[in-house]
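The report that follows describes a single protein chain, moving from its overall make-up to one helix, the loop and strand that come after it, and one pocket. Please read it alongside the sequence and the structure shown here.

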Amino acid sequence: FSIRAETTARQIESISMMQNDPRVAGSKMLVVDTVSKNFSVEFGGERKLKMRQSLLSVYVNKLARDAVLNDRAVLLTNRVASGASLGRRREVAVGGRSLRRFVTKAIHLTRRGTVVDATLLDRDDNRSTLSSSITEKGFE
């Protein structure tokens, strides 16, 4: 079962729809792909930052409530923005604190040429990293 939510309103509404839909009533996992995309598109830029973060918080809070009430795991995927400041490269998690306070574990993927690092982060920022190479056979 899937819902394609192309606006923030539809994305927020989809949680209620899911709770009332018998096809997903007993599901134990919910996957939300690119959780902050609609919020970033509709409320882009610094001027709309407060509105974007506020609505994103409302959405994630509803997801968390649904997860607790229905004993359902929630997997969020999101993109990370990269930038340079004072000659140093830095990465900023899109969604900021609005997402971070609801996340218990995060996997941060980075690529350096043919090497992919997968770093598992917990709420206390403890880190564990696994590196793999990409070859003709796939990951090794």
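## Overall make-up

Of the 140 residues in the chain, 26% count as buried, and the model in which they are found is a predicted one. The accessible surface of the chain amounts to about 10200 Å², with 52% of that area belonging to carbon and sulfur atoms. Four helices and eight strands make up the secondary structure of the chain, and, read along the sequence, they follow the pattern α-β-α-α-β-β-β-α-β-β-β-β. When contacts between residues at least 6 apart in sequence are considered, 41% of them join residues that are at least 24 apart.

## Helix α3 and its buried residues

Helix α3 (49–69) has 21 residues and reaches 30 Å from its first C-alpha to its last, which is close to the 30 Å expected at 1.5 Å a residue. Its buried residues are Arg52, Leu56, Ser57, Tyr59, Val60, Leu63, Asp66 and Ala67, a list that holds both charged residues, such as Arg and Asp, and nonpolar ones, such as Leu and Val.

Asp66, found in helix α3, counts as buried because its relative accessibility is 0%, below the cut-off of 20%. Leaving aside residues up to four places away in sequence, Asp66 touches Ile15, Met18, Gln19, Asp71 and Arg72. The C-alpha atoms of Asp66 and Leu30 are 9.8 Å apart in space, although 36 residues separate the two in sequence.

## From the end of α3 into β2

The loop between α3 and β2 (73–76) includes Asp71, and Asn70 has its place in that loop as well. Asn70 is partly exposed, with a relative accessible area of 27%, and, residues up to four places away not being counted, it touches Gln19, Ser27 and Lys28. Asp71, by contrast, counts as exposed because its relative accessibility is 57%.

Strand β2 holds Ala73 and also Leu76. Ala73 counts as partly exposed at 39% relative accessibility, and Leu76 is likewise partly exposed, with a relative accessible area of 28%. With residues up to four places away in sequence left out, Ala73 touches Lys28, Met29 and Leu30, whereas the contacts of Leu76 are with Val32, Val35, Leu63 and Leu99. Leu63, one of these partners, is among the buried residues of α3.

The table gives C-alpha separations for residues of this loop and strand.

| Pair | Separation along the chain | C-alpha distance |
|---|---|---|
| Asn70 and Lys28 | 42 residues | 7.7 Å |
| Ala73 and Val31 | 42 residues | 8.5 Å |
| Leu76 and Leu99 | 23 residues | 9.3 Å |

## Two residues with positive phi

Which backbone angle of Thr34 has a positive value? It is phi, which lies near 50° in Thr34, a residue other than glycine. Most residues other than glycine have a negative phi, and most peptide bonds are trans. Thr34 is found in the loop between β1 and α2, and Thr34 counts as partly exposed because its relative accessibility is 27%. Asp71, which follows α3, also has a positive phi, of about 50°, although it is not a glycine.

## The second largest pocket

The second largest pocket has a volume of about 680 Å³. It is lined by 22 residues, and those closest to its centre are Ile3, Ala5, Val31, Val32 and Asp33. Two or more lining residues come from each of α1 (8–19), β1 (29–32), α2 (37–42) and α3 (49–69), so that, by the residue ranges used to number these elements, Val31 and Val32 fall within β1. By class, the lining comprises twelve nonpolar, six polar and four charged residues.

Some of the residues already described return here. Val31, among the residues closest to the centre of the pocket, has its C-alpha 8.5 Å from that of Ala73, and Val32, also among those closest to the centre, is touched by Leu76. Helix α3, with its 21 residues, is one of the elements that give two or more residues to the lining.

Note on methods: Residues numbered from 1 in each chain as written. Predicted model: local features only at pLDDT ≥ 70, side-chain atom pairs only at ≥ 80, totals over all residues. Heavy atoms only, no water. 1 Å grid on protein atoms, 1.4 Å probe; cavity = no way out; pocket = protein on both sides within 12 Å on 5 of 7 lines; lining within 4 Å. Points joined across faces, edges and corners; volume = space filled by probe spheres on them. Buried < 20%, exposed > 50% of the residue type's maximum accessible area, 1.4 Å probe, protein only. Contact = heavy atoms within 4.5 Å. Areas by Shrake-Rupley, 256 points an atom, 1.4 Å probe, with all protein chains shown as cover. Expected span 1.5 Å × (residues − 1).
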